[in-house]
Amino acid sequence: MTDAAFQSEFLKTLQARGYIHQITHPAELDAAASAGVVSGYIGFDATAPSLHVGSLIQIMMLRRLQQAGHRPVVLMGGGTTRVGDPTGKDASRPQLTDETIAANISGIKQVFARFLTFGDGPTDAVMLDNDAWLSGYGYVQFLRDFGTHFTINRMLAFDSVKLRLEREQPMTFLEFNYMLMQSVDFLELNRSHGVTLQMGGSDQWGNITSGVDLVRRVDQKAAFGLTTPLLTTASGGKMGKTAQGAIWLNADQLSPYDYWQFWRNADDADVGRFLRLFTDLPLDEIARLETLQGAEINDAKKVLADAATTLLHGGDAAASARAASEGAFEQGRLSADLPTVELPRDEVIGAMLAALATKAGLTASNGEARRLAQGGGLRLNDRAVTDGAQPLADADVNADGVIKLAAGKKKIVLVRPV
């Protein structure tokens with residue numbers, strides 16, 4: 001279906017903002033979303049204490065669902081995390097203890113309240129945990145109830161399985177069952193909460209269509225699947241991953257300043273797409289910002305950083321991050337919001353500049369720091385230093401008791417010898 005063909009506000013919005021990759025039954029879903037409240041869910045496995053930016057497009061999909069007058073369901077994977085999703089993996093995920101999974105879920109939950117309104121109303125978001133039903137099944141019962149609905153032939157054809165086997169990487173029987181578990185999630189949610197839509201990334205298409213088929217085959221009820229495109233940056237990198245690590249959504253994993261800086265440093269070619277996907281700015285305003293050229297594109301990047309950071313961390317945090325960034329990069333001022341690393345004084349004074357830059361997290365390796373210095377991109381207290389082997393001295397500690405290191409015009413860290 002084309003953009004003009006969609007009648008529901010939900011699908012028209014998703015299409016206009018670039019969220020749609022595939023839909024299982026587009027005309028039926030569009031009619032359902034036009035006729036009444038649709039309950040849709042996305043599952044999030046608890047493999048870490050925080051989600052990262054790579055999951056943000058899914059969170060925003062739930063937000064769009066609620067904005068269009070429908071009910072979002074956040075499904076925590078307390079049960080499926082015990083197995084581990086094999087999609088896109090060459091090796092089995094490490095098995096986590098129940099205590100670790102519970103702690104991770106606790107950490108992940110706090111983000112969703114920033115994007116969704118929870119409550120008991122017809123369009124209020126709800127949060128569930130699939131461990132509530134998956135752990136209740138006995139093995140024989142699970143096989144008898146659901147095993148007959150899945151063929152090995154079809155499961156071997158899904159990319160999550162096929163690509164793993166083509167690379168001659170082992171896939172355990174435990175992981176092979178993940179698809180069944182995710183499909184049963186959809187059936188359970190459909191029966192107990194009236195959920196008719198499952199959403200996810202394009203790599204989840206096989207798992208999602210299996211769930212859609214299970215609901216339709218077993219209960220003869222309406223069920224739909226919708227996926228988002230694989231999200232990469234203009235440079236070809238994976239969204240949410242940087243040389244220095246993941247861009248976490250929890251503030252205790254990544255500061256609001258570093259989060260703001262991530263969006264401020266977006267590639268010029270990504271600004272319009274990111275504004276449509278990750279902010280609530282009107283499309284006509286985004287179209288205007290996309291036309292900015294040269295130095296003015298930096299203004300659009302600041303708008304992106306402000307809006308994205310406000311959604312996650314609030315307006316005050318976004319304003320503080322912007323002020324700290326502009327003060328440090330444009331006016332030479334320091335701020336308490338700038339990333340600060342405390343290191344023993346004997347590990348700072350006398351250390352090579354390249355080694356200190358790496359230890360402070362400014363660069364990923366000493367070699368990267370040396371190359372950065374040779375190109376004039378490594379700065380010590382706002383002075384370009386071309387020799388990465390230059391040792392740090394007491395005189396390099398400024399009046400605030402810190403050493404200011406910068407990588408080009410995009411990243412700053414303050415090192416405080418203690």
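Q: What makes S10 and S11 count as paired strands?
A: In this predicted model, two bridges join strand S10 (residues 378-380) to S11, and the two run antiparallel. The cut-off for pairing is at least two bridges found by DSSP, so S10 and S11 qualify. Arg379 has Ala384 of S11 as its bridge partner.

Q: Why is S11 called an edge strand?
A: Look at the sheet that holds S11: five strands form an open sheet, ordered S9-S13-S12-S10-S11, with mixed pairing. Strand S9 (340-343) and strand S11 (383-384) each pair on one side only, and they are the edge strands.

Q: How do you know that S2 and S5 are paired, and in which sense?
A: Strand S2 (residues 39-45) and strand S5 (residues 195-201) share three bridges and run in the parallel sense. Pairing needs at least two bridges, so three bridges will do. Within that pair, Ser39 stands opposite Val195 in S5.

Q: Which strands sit at the edges of the sheet that holds S2 and S5?
A: That open sheet has six strands in the order S1-S6-S5-S2-S3-S4, and its pairing is mixed. Its edge strands are strand S1 (22-23) and strand S4 (126-129), since each pairs on one side only.
Helix H3 packs on this sheet and touches S2, strand S3 (71-77), S5 and strand S6 (224-228).

Q: What makes the direction of H3 roughly antiparallel to that of S2?
A: The direction of H3 makes about 160° with that of S2. Anything over 145 degrees counts as roughly antiparallel, so H3 earns that label against S2.

Q: Why are H3 and H4 called oblique?
A: Helix H3 (residues 56-67) and helix H4 (residues 98-115) pack at an angle of about 45°, with their axes 10 Å apart. Roughly parallel would need an angle under 35 degrees, and roughly perpendicular starts at 65. The H3-H4 angle fits neither, so H3 is oblique to H4. The crossing of H3 and H4 is right-handed.

Q: Which residues make the contact of H3 with H4?
A: From H3 come Leu56, Ile59, Met60 and Arg63, and they meet Val111, Phe112, Arg114 and Phe115 in H4. By class, that gives six nonpolar, no polar and two charged residues.

Q: What makes H3 and H13 oblique as well?
A: The axes of H3 and helix H13 (residues 271-278) cross at roughly 50° and come within 9 Å. That angle falls outside the under-35 and 65 to 115 ranges, therefore H3 and H13 are oblique to each other. On the H3 side the contact uses Leu56, Ile57, Met60 and Arg64; on the H13 side, Arg276, Leu277 and Phe278. These residues divide into five nonpolar, no polar and two charged.

Q: Why is H4 called oblique to H15?
A: The axes of H4 and helix H15 (residues 297-313) come within 7 Å, crossing at roughly 120°. Perpendicular ends at 115 degrees and antiparallel needs over 145, so H4 is oblique to H15. Val111, Arg114 and Phe115 of H4 make the contact with Leu311, Leu312 and His313 of H15. Four of the residues in the contact of H4 with H15 are nonpolar, one is polar and one is charged.

Q: How do you know that the chain's radius of gyration agrees with a compact globule?
A: For 418 residues, a compact globule would have a radius of gyration near 22 Å; the chain has 24 Å, so the values agree. The C-alpha trace spans about 75 × 50 × 40 Å along its principal axes, and the chain's secondary structure comes to 19 helices and 13 strands.

Notes: Residues are numbered from 1 along each chain as its sequence is written. This is a predicted model: local features need pLDDT of at least 70, side-chain atom pairs count only at pLDDT 80 or more; totals for chains, interfaces and linings use all residues. Side-chain values use heavy atoms; hydrogens and water are left out. Axes are lines fitted to C-alpha atoms, for helices over the stretch in contact, and angles run from 0 to 180 degrees between N-to-C directions. Helices (H or I, at least four residues) and strands (E, at least two) are DSSP runs, numbered from the N terminus. A crossing is left-handed if the near helix is turned anticlockwise from the far one by less than a right angle, and right-handed if clockwise. Contact means heavy atoms within 4.5 Å. Ala, Val, Leu, Ile, Met, Phe, Trp, Tyr, Cys and Pro count as nonpolar, Asp, Glu, Lys and Arg as charged, and the others, Gly among them, as polar. The radius of gyration is taken over C-alpha atoms; the globule rule is 2.2 Å times the number of residues to the power 0.38.
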